[in-house]
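This report sets out the architecture of one protein chain for a reader at the bench. Please keep the sequence and the model in view while reading.

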Amino acid sequence: MAFVQTIWFKTSRIDEMQKLMDEWSEQGAAQAPGFRGSKVLRDRDNENTFLVVAEFDSYELAMENSARPETDAFAKRMAEMSDGHPAFANFDLIHEDTP
């Protein structure tokens with residue numbers, strides 16, 4: 001079953017955060033087994049508030065990715081740039097519409 005993880009965070013350092021995400025992608029994050037892709041969303045109603053939506057083939061593959069040392073280092077850097085602690089949530093994808 002497909003799996004989606006979200007990361008909600010606030011930051012006044014989005015340019016630095018975007019650079020970190022770009023570096024993460026360049027270092028092979030997209031090569032993680034089961035990784036389908038991600039999106040970063042800016043909340044139009046709440047300043048400096050963002051949501052990352054990361055999609056995986058399965059919960060198990062997402063957890064394997066989370067356990068990688070590179071992923072842990074990325075998460076720690078992201079937390080350092082956040083205003084407060086990022087909030088993670090895990091979802092099983094049960095329905096999807098595509099054009």
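The account below moves from the whole chain to the sheet, then to the core and finally to individual residues.

## Overall architecture

The structure is a predicted model. The protein chain contains 3 helices and 4 strands, and these follow one another along the sequence in the pattern β-α-β-β-α-α-β. The radius of gyration is 14 Å, close to the 13 Å that the globule rule gives for 99 residues, so the chain is as compact as a globular protein of that length. Along its principal axes, the C-alpha trace spans about 35 × 30 × 25 Å.

Of the 99 residues, 35% are buried. Among the contacts with a separation of 6 or more, 72% are made by residues 24 or more positions apart.

## The sheet

The 4 strands form an open sheet whose order is β2-β3-β1-β4, with antiparallel pairing. At its edges are β2 (35–42) and β4 (87–92), each of which pairs on one side only. Neighbouring strands of the sheet are turned by 15 degrees against each other on average, direction ignored.

Helix α2, residues 59–66, packs on this sheet and touches β1, β3 (49–56) and β4. The direction of helix α2 makes about 45 degrees with that of β1.

Strand β1 covers residues 3–10 and is joined to β4 by 6 bridges. A further 8 bridges join β1 to β3. In both pairings the strands run antiparallel. How far is β1 enclosed by the rest of the structure? Because 6 of its 8 residues are buried, β1 is largely enclosed.

The following table lists residue pairs that connect β1 with the strands beside it.

| Residue | Residue opposite | Strand of the residue opposite |
|---|---|---|
| Glutamine 5 | Asparagine 90 | β4 |
| Threonine 6 | Valine 53 | β3 |
| Tryptophan 8 | Alanine 87 | β4 |

## The nonpolar core

In soluble globular proteins, nonpolar side chains tend to be buried together. In this model, the largest nonpolar core has 12 residues: Ile7, Phe9, Ile14, Met17, Leu20, Met21, Trp24, Phe50, Val52, Phe74, Met78 and Met81. At least two residues of this core come from each of β1, α1 (14–26), β3 and α3. The element that gives the most is α1, with 5 residues.

Two members of the core illustrate how its parts meet. Isoleucine 14 touches Phe9 and Phe50, leaving aside residues up to four places away in sequence. Phenylalanine 74 is found in helix α3, which covers residues 69–81. With the same neighbours in sequence left aside, phenylalanine 74 touches Leu20, Met21 and Trp24.

Is phenylalanine 74 buried or exposed? Its relative accessibility is 15%, and buried means under 20%, so phenylalanine 74 counts as buried. The C-alpha atoms of phenylalanine 74 and threonine 49 are separated by 19 Å, and the two residues are 25 residues apart along the chain.

## Threonine 11 and asparagine 48

Two loop residues deserve separate description. Threonine 11 is placed in the loop between β1 and α1. Its relative accessibility is 0%, and therefore threonine 11 counts as buried.

Which residues does threonine 11 touch, not counting residues up to four places away in sequence? They are Met17, Asn48, Phe50, Met81, Ser82 and Asp83. Of these, Met17, Phe50 and Met81 also belong to the largest nonpolar core. A polar atom of the threonine 11 side chain lies 2.6 Å from the backbone oxygen of methionine 81.

Asparagine 48, one of the residues touched by threonine 11, lies in the loop between β2 and β3. Although asparagine 48 is not a glycine, it has a positive phi of about 60 degrees. Its relative accessibility is 29%, which lies between the limits of 20% for buried and 50% for exposed, so asparagine 48 counts as partly exposed.

## Summary

The predicted model combines an open sheet of 4 strands with 3 helices. Helix α2 packs on the sheet, while α1 and α3 are among the elements that supply the largest nonpolar core. In the loop between β1 and α1, threonine 11 is buried and touches Asn48, which is partly exposed.

Definitions and conventions. Residues are numbered from 1 along each chain as its sequence is written. This is a predicted model: local features need pLDDT of at least 70, side-chain atom pairs count only at pLDDT 80 or more; totals for chains, interfaces and linings use all residues. Side-chain values use heavy atoms; hydrogens and water are left out. Two strands pair if DSSP finds at least two bridges between them. Axes are lines fitted to C-alpha atoms, for helices over the stretch in contact, and angles run from 0 to 180 degrees between N-to-C directions. Contact means heavy atoms within 4.5 Å. Buried means under 20% relative accessible area, exposed over 50%, partly exposed in between (1.4 Å probe, protein chains only). A nonpolar core is a set of buried Ala, Val, Leu, Ile, Met, Phe, Trp, Tyr and Cys residues joined through side-chain atoms within 4.5 Å. A polar contact is a pair of N or O atoms within 3.5 Å; within protein, one must be able to donate a hydrogen and the other to accept it, and residues adjacent in sequence count only if both atoms are side-chain atoms. The radius of gyration is taken over C-alpha atoms; the globule rule is 2.2 Å times the number of residues to the power 0.38.
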